[in-house]
Amino acid sequence: MANFITPEDYNASIHREILSSLLRETSAGGQPNPNYDPQVIEVCEDDAILEMCSYLDKTYDCNAIFSARGGERHSLILRFALDIAIYHIFCIHNPYKIADIRKERYERALEWLKGVSRGEITIYGAPRLDSEEQKKNSPWQINAEPLRPTLL
């Protein structure tokens with residue numbers, strides 16, 4: 001699931017300068033920050049994917065979805081993964097000063113995921129689990145005794 005989100009993907013959602021500032025890639029003088037940890041962004045991306053999987057895994061093949069690369073990735077899932085990852089990055093920087101748009105996009109992503117989880121929303125084009133696997137994941141599992149022979 002690593003590398004589902006690439007650094008270039010952020011350009012459509014957040015300015016590079018803002019992302020760099022949040023990640024503290026450079027110091028106040030614009031020099032490279034010796035304390036910069038590139039794994040911070042990877043941790044936030046992995047957390048976002050795991051958060052999404054917790055909603056999607058009953059119906060959708062999360063391994064297939066998040067192992068896709070490049071143009072094979074589902075654009076809507078990628079957009080929501082970015083929104084969640086960026087929200088987590090903002091939380092690391094200063095959780096008390098998160099921009100309203102980031103909160104709204106995160107909450108929108110969660111509402112969408114909840115709708116998918118409840119079965120109210122389907123993700124067009126996303127790989128689904130086979131029907132047997134979906135039945136095992138269903139909260140409704142009904143079994144019955146075999147029919148008894150009838151007496152005439």
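Begin by selecting Glu111, which is partly exposed, with a relative accessible area of 47%. Keep in mind throughout the tour that the structure on your screen is a predicted model. From Glu111, add Lys114 to the selection, and you will find that the two form a salt bridge in which the closest N and O atoms are 3.8 Å apart. Lys114 counts as partly exposed as well, at 31% relative accessibility. Both residues belong to helix 5, and because they are three residues apart there, about one helical turn separates them. An α-helix has 3.6 residues a turn, so residues three or four places apart point the same way.

**Along helix 5 and across to helix 4**

Stay in helix 5 and select Arg105, then select Asp83 in helix 4; the side chains of these residues meet in a salt bridge, with 2.9 Å from N to O. As Arg105 lies in helix 5 and Asp83 in helix 4, the pair ties together parts that are 22 residues apart in sequence. Are the two partners buried or exposed? Arg105 counts as partly exposed at 22% relative accessibility, whereas Asp83, at 2%, counts as buried.

Next, select Ala109, which is also found in helix 5 and is buried, with a relative accessible area of 0%. If you leave aside the neighbours within four places in sequence, Ala109 is in contact with Phe80 and Ile84. Now show the C-alpha atoms of Ala109 and Met52, which are separated by 9.1 Å although the residues are 57 places apart along the chain.

**Helix 4 and the core**

Select the whole of helix 4, which runs from 75 to 93. At 1.5 Å a residue, its 19 residues should span 27 Å, and the C-alpha atoms at its ends are indeed 27 Å apart, so the expected and computed values agree. Many side chains of this helix are worth colouring, since the buried residues include Ile77, Leu78, Phe80, Ala81, Leu82 and Asp83, and also Ile84, Ala85, Ile86, Tyr87, Ile89 and Phe90. Against what do the buried residues of helix 4 pack? They pack against helix 1, helix 2, helix 3 and helix 5.

To see the core itself, select Tyr10, Met52, Leu56, Phe66 and Ile77, which, among the 38 residues of the largest nonpolar core, touch the most other members. Helix 1 (16-23), helix 2 (39-56), helix 3 (62-67), helix 4 (75-93) and helix 5 (100-118) each supply at least two residues of this core, and helix 4 gives the most, with eleven residues.

Centre the view on Tyr10 and bring up its surroundings: apart from neighbours within four places in sequence, Tyr10 is in contact with Ile5, Leu19, Ile41, Glu45, Leu82, Ala85, Ile86 and Ile89.

**From helix 1 to the end of helix 4**

Move on to Leu22, which is found in helix 1 and is buried, with a relative accessible area of 9%. With neighbours within four places in sequence left aside, Leu22 is in contact with Ile14, Ile89, Phe90 and His93. If you also select Cys91, you will find its C-alpha atom 9.5 Å from that of Leu22, while the two residues are 69 apart in sequence.

**A buried charged pair**

Now select Asp9 and Arg73, which form a salt bridge with their closest N and O atoms 2.5 Å apart. The pair links distant parts of the chain, since Asp9 sits in the segment before helix 1 and Arg73 in the loop between helix 3 and helix 4, 64 residues apart. Asp9 is buried, with a relative accessible area of 13%, and Arg73 is buried too, with 15%. Side chains of opposite charge can pair when their charged atoms come close. A search of the whole structure finds four salt bridges.

**Last stop: the cysteines**

Finally, select the cysteines and ask how many disulfides the structure holds. It holds zero. A disulfide is a covalent bond between the sulfur atoms of two cysteines, and the cut-off used here is 2.5 Å between the sulfur atoms. The sulfur of Cys53 is 3.6 Å from the closest cysteine sulfur, in Cys62, which is too far for a bond; Cys53 itself counts as buried, at 9% relative accessibility. For Cys44, the closest cysteine sulfur is that of Cys91, at 8.5 Å, again too far for a bond, and Cys44 is buried, with a relative accessible area of 2%.

Definitions and conventions: Residues numbered from 1 in each chain as written. Predicted model: local features only at pLDDT ≥ 70, side-chain atom pairs only at ≥ 80, totals over all residues. Heavy atoms only, no water. Buried < 20%, exposed > 50% of the residue type's maximum accessible area, 1.4 Å probe, protein only. Core = buried A, V, L, I, M, F, W, Y, C linked by side-chain atoms within 4.5 Å. Helix = DSSP H or I, 4+ residues; strand = E, 2+ residues; numbered from the N terminus. Contact = heavy atoms within 4.5 Å. Expected span 1.5 Å × (residues − 1).
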